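Student: I should like a close look at a single part of this protein, the zinc site. Please then set that site in the context of the rest of the model.

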Amino acid sequence: MNLKPVALAAAAVICTLSLTAQAQTQGQTPAEQISYIHAGALLVHAGEKPRKAATIVIHGDKIDSIHEGFLNPPSGVRFIDLSKQFVMPGLIDMHVHILHDGDKMRSPEEHSSRTSADYVLLGLANARRTLEAGFTTIRDVGSEIRSVTALRDAINKGLVEGPTIYTSGRVIAVTAGHGAGNADAAEHVCDGADDCRRAVRTQIALGADLIKFAATGGVTSDAATGLTQQMFADEMRAIVETAHMFGRKVAAHAHGKQGIKAALEAGVDSIEHGIYTDAETNLLFKRTGAWLVPTLCVPDSVLAQARAGARSPVVLAKVEEAAAVHAKNAAAAIRDGVKVAFGTDAGVREHGKNADEFNHLLKAGMSSADAIRAATIDAATLLGKADRIATIEKGKDADIIAVAASPIADISELERVEFVMRRGVVHKMQGTRQVFPQ
Ligand SMILES: [Zn+2]
């Protein structure tokens, strides 16, 4: 006669009882808020060699411990079986416009008639698609501040589904410059250093986590200045100093070389797009420690939109030129050792297809391991959140994804994310088995 099952069952009951008792007496995590994940392979930290079979123990929204092999989950805890999958930290996209859907080629009238309520609901749908694609954190670099902070805060409260959002609010821009829009005296538009300090403080007062400004013209704006510098050096310095004084990092939209140089000299933390980088700017990147967020997947999308007639002829001409040189210059920047963080410009292109950028980074000469770093720990470092996210370690947010096979061997696996957990809450489950306690 085999007594083992009885003994195991009894042990399980005792275990549950003792966990509950501990939770009551010592203020520890109740069993129902504990998850055990069996990971077939586990990438703890991008850039390191993945581990074989491992168990991740999650308490509430945080990772509590990692163990070699498959630990039996105690009774009463949630068990998630990813024992046939490759498990890794959630992905981070550093360049998103979460409230926007530029890829939909809507008429200008439809855009201008939108209210903040429209934007919040659009952002909500975009946020869910982004999270389901495996991106558990995004940096939003240009959205109406009241709407995007409402969305950010609702996600953080668990009211709605989406990635963790860090937002710049509106792009600080000069009158008639890229990002200024048509509005008179809008809060994010500034002229002169003092006025730019005011614009930065206004976005911070309204809840911005970081600051973004437009140093040069943009591909999608119609201004005749093309992609060259639009903001004076003293205005850029005023923006950077004010933001840093308030503990905010600064991202600069910059295409033309003089604009990139001026922004780097002003002390920005990242250059967005950076189409016309060269050997000189690349040296400056390394000297200042700034990051490049190249958003290599966006020119193709805008080119397709422009050729379909959804963008003006001026935009079509600009983007044709830009698309040709962007990939070449980004490859040179990577060769020169410029730090690169992953970003897509989702919002100008489709949301939920963020992983398309990986292929572009590989074409530009990055290894798959480095591209995964760019979308995890490196992105978190630029965000200033490397102590909280982007690796599978004790005390970090339980932001965890799984794919069917190693993305280090085949990066396209990241286009087919099967499992998504953000802060301990499961948002997507394919090909996995989850056993909830009875
Ligand atoms: Zn953008």
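Tutor: The account below begins with the metal site and then moves outward to the rest of the chain.

The model is predicted. Three residues supply the protein donors of the zinc ion: His 95 and His 97, each through NE2, and Asp 345 through OD. These donors lie 2.1 to 2.3 Å from the metal. Along the chain, the donors of the zinc ion follow the spacing H-x1-H-x247-D. The pair of His 97 and Asp 345 thus links distant parts of the chain, 248 residues apart. His 97 belongs to the loop between β5 (91-96) and α2 (108-112), whereas Asp 345 belongs to the loop between β12 (339-340) and α11 (356-363). Both His 97 and Asp 345 are buried.

The contacts of the protein as a whole also join distant positions. Among contacts with a separation of 6 or more, 68% are between residues 24 or more positions apart. The secondary structure comes to 13 helices and 16 strands, and buried residues make up 54% of the 438 residues.

The nonpolar interior comes next. In soluble globular proteins, nonpolar side chains tend to be buried together. The largest nonpolar core here has 61 residues, of which Phe 213, Val 268, Ile 271, Phe 358 and Leu 414 touch the most other members. Helix α7 (residues 257-266) gives the largest share of this core, 5 residues. Because domain 1 (4-90 + 395-435) and domain 2 (91-383) both give residues to this core, it lies between them. Ile 271 illustrates the packing: leaving aside its neighbours within four places in sequence, its contacts include Ala 252, Ala 254, Ile 260, Ala 263 and Leu 264. Phe 285, Trp 291, Leu 292 and Val 293 are also in contact with Ile 271. Apart from the largest core lies another, of 18 residues, including Leu 42, Val 44, Ile 58 and Leu 82.

The cysteines and the backbone also deserve attention. A search of the whole structure finds 1 disulfide. It is formed by Cys 190 and Cys 196, with sulfur atoms 2.2 Å apart. The link of Cys 190 and Cys 196 is right-handed, with 85° about the S-S bond, and both cysteines are buried. Another cysteine, Cys 297, is buried with a relative accessible area of 2%.

Two residues other than glycine have positive phi values: Thr 295, near 45°, and Ala 390, at about 85°. Thr 295 is placed in the loop between β11 (291-293) and α9 (298-307), and its relative accessible area is 0%, so it is buried. Ala 390 is found in the loop between α13 (377-383) and β13 (400-403). With a relative accessible area of 6%, Ala 390 is buried, since the cut-off is under 20%.

A word on confidence completes the picture. The protein averages a pLDDT of 90, and 90% of the residues score at least 70. Over residues 1-26, however, pLDDT stays under 50. For residues 1-26 the model has 12 contacts beyond four places in sequence. Where pLDDT is low, the predicted coordinates should not be read in detail.

Key: Residues are numbered from 1 along each chain as its sequence is written. This is a predicted model: local features need pLDDT of at least 70, side-chain atom pairs count only at pLDDT 80 or more; totals for chains, interfaces and linings use all residues. Side-chain values use heavy atoms; hydrogens and water are left out. A disulfide is a pair of cysteine sulfur atoms within 2.5 Å. Buried means under 20% relative accessible area, exposed over 50%, partly exposed in between (1.4 Å probe, protein chains only). Donors are N, O and S atoms within 2.8 Å of the metal (3.2 Å for Na, K and Ca); water is not among the atoms, so sites may look incomplete. Helices (H or I, at least four residues) and strands (E, at least two) are DSSP runs, numbered from the N terminus. A nonpolar core is a set of buried Ala, Val, Leu, Ile, Met, Phe, Trp, Tyr and Cys residues joined through side-chain atoms within 4.5 Å. Domain bounds come from an automatic or database domain assignment. Contact means heavy atoms within 4.5 Å. pLDDT is the predictor's confidence in each residue, from 0 to 100.
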